[in-house]
Amino acid sequence: MTTCIDQEILSQKLISGVQKAAKVSIPKRRRKNYWVPYWRDHNIDELIRERDAARHELEKNNSDENRRNLIDISRNVEDEIAARKREKWIDLCGRLDPWKDYHHWRVINVLNNRCNQQNNGPNSNAITSGGYTSTTDRQTVNLLAQHYKQESKLSFSREDRKQRKIFRQVLNQSKYYNQKDDFSNDISLEELGSVIRSLDPKKSPGIDLIFGSMIKHFGVLARSILLQIFNLSWITGKLPTIWKMSVIVPGLKPGKDAASCTNFRPISLTSTLCKIMEKK
């Protein structure tokens with residue numbers, strides 16, 4: 001029991017430490033002090049301050065309510081910025097002179113041709129499931145979650161239950177396995193380094209937001225802590241809780257109608273650290 005608690009503490013400290021180091025170490029493009037985005041106004045500045053405050057609150061208390069609050073505020077910021085950009089674009093197009101600003105008109109024509117191309121993607125977030133049509137983003141997410149919950153349910157026969165009982169007995173007996181072989185040896189630092197070198201840094205992260213590029217830059221201390229977590233998981237047969245969680249992203253099947261839940265394929269984004277453990 002103590003090793004499981006130590007494992008959870010180590011994983012939480014590792015994830016928080018990597019995220020803090022990424023904020024400090026990842027280079028950002030320098031901007032001129034007097035540069036201001038063309039779409040910025042007082043309303044957007046106020047929303048950005050609310051988003052920053054919500055992010056700080058989430059760092060203090062990682063609760064579902066704070067997470068939903070940050071997502072809602074971030075969506076409002078993105079919608080407000082998009083609306084402001086649209087207004088600026090309409091204003092620019094209204095002030096163009098066709099005889100003088102012909103370079104701008106060429107760019108506009110190119111953009112119009114791209115927009116007029118056929119787009120097979122969804123036109124809105126409204127979907128239908130069980131005769132009910134969503135009207136908001138939250139209702140759409142809930143419909144997809146209910147659909148995936150129903151589809152993921154498995155029905156087990158009596159023979160399946162017998163096999164499950166046998167497998168549990170084998171797992172319980174394996175806890176007392178004392179022979180020295182490859183299955184009882186700890187994972188070495190060289191093996192961990194080999195897997196990290198073959199890691200694809202472009203893969204999407206899981207709920208812990210640890211990217212492959214971050215792991216490739218792990219130093220000696222971070223790798224030793226990660227190796228300690230791996231070996232504890234191997235000994236106890238348990239994984240950190242956050243490694244068991246995933247982010248479900250619905251992907252529309254090619255050529256299917258986006259108005260039905262059944263036409264979306266669920267894609268699970270799991271922790272990159274857990275993927276490294278699976279390779280070992």
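This passage walks through a predicted model of a single chain, from its overall make-up to a few of its helix contacts.

The natural starting point is the inventory of secondary structure. The chain contains 10 helices and 4 strands. Read from the N terminus, these elements follow the order α-α-α-α-β-β-α-α-α-α-α-β-β-α. The order thus opens with four helices, continues with a pair of strands, and ends on a further pair of strands and a helix.

Some totals describe the chain as a whole. Of its 280 residues, 24% are buried. The accessible surface amounts to about 21,500 Å², and carbon and sulfur atoms account for 53% of that area. Contacts across the sequence can also be sorted by separation: where the two residues are at least 6 apart in sequence, 63% of the contacts join residues at least 24 apart.

Cysteines deserve a brief look. The count of disulfides in the model is 0. C261 has a relative accessibility of 1% and, because the cut-off for burial is under 20%, this residue counts as buried. C274 is likewise buried, at a relative accessible area of 6%.

Attention now turns to the helices, beginning with the pair α2 and α3. Helix α2 covers residues 42-60, and its axis comes within 9 Å of the axis of α3, with a crossing angle of roughly 160°. Angles over 145 degrees count as roughly antiparallel, so α2 is roughly antiparallel to α3. The crossing of these two helices is left-handed. Many residues take part in the contact. On the α2 side they are N43, I44, L47, I48, E50, R51, A54, R55, E57 and L58. On the α3 side they are N66, R67, N69, L70, I73, S74, N76, V77, E80, I81 and R84.

One member of this contact, N66, can be followed a little further. Where does N66 sit? The residue belongs to helix α3, which spans residues 64-95. N66 has a relative accessibility of 14% and, since this falls under the 20% limit, the residue counts as buried. Leaving aside residues up to four places away in sequence, N66 touches E57, L58 and N61. Two of these, E57 and L58, are also listed among the α2 residues that meet α3.

Further along the chain, helix α9 packs against two other helices. The partner considered here to begin with is α7, which spans residues 189-197. The two helices pack at an angle of about 105°, with their axes 10 Å apart. Because angles from 65 to 115 degrees count as roughly perpendicular, α7 is described as roughly perpendicular to α9. L189, L192, G193 and I196 of α7 make this contact with R223, L226, L227 and F230 of α9. E191, also in α7, has a relative accessible area of 36% and is therefore partly exposed. Its C-alpha lies 9.7 Å from that of L227, although E191 and L227 are 36 residues apart in sequence.

The other partner of α9 is α10. Helix α9 covers residues 220-236 and α10 covers residues 272-279; their axes are 11 Å apart and the packing angle is about 60°. An angle of this size makes α9 oblique to α10. Here α9 passes α10 in a right-handed crossing. From α9, the residues involved are L226, F230, S233 and W234, and they meet L273, I276 and M277 in α10. L226 and F230 of α9 also appear in the contact with α7.

The loops on either side of this region add some detail. In the loop between α7 and α8, the latter covering residues 212-216, lies L209. L209 is not a glycine, yet its phi is positive, at about 60°. The loop between α9 and β3 (residues 247-252) holds K238. K238 is partly exposed, because its relative accessibility is 46%.

K238 also offers a link back to the start of the chain. Its C-alpha is separated by 9.0 Å from that of Q7, a residue 231 positions away along the chain. A second pair, I9 and P240, is likewise 231 residues apart in sequence and 9.0 Å apart in space, C-alpha to C-alpha. I9 is part of helix α1, which runs over residues 2-25. With a relative accessible area of 37%, I9 is partly exposed.

Notes
Residues numbered from 1 in each chain as written. Predicted model: local features only at pLDDT ≥ 70, side-chain atom pairs only at ≥ 80, totals over all residues. Heavy atoms only, no water. Buried < 20%, exposed > 50% of the residue type's maximum accessible area, 1.4 Å probe, protein only. Contact = heavy atoms within 4.5 Å. Areas by Shrake-Rupley, 256 points an atom, 1.4 Å probe, with all protein chains shown as cover. Disulfide = S-S within 2.5 Å. Axes fitted to C-alpha atoms, helices over the stretch in contact; angles between N-to-C directions. Parallel < 35°, antiparallel > 145°, perpendicular 65-115°, else oblique. Left-handed = near helix turned anticlockwise from the far one by under 90°.
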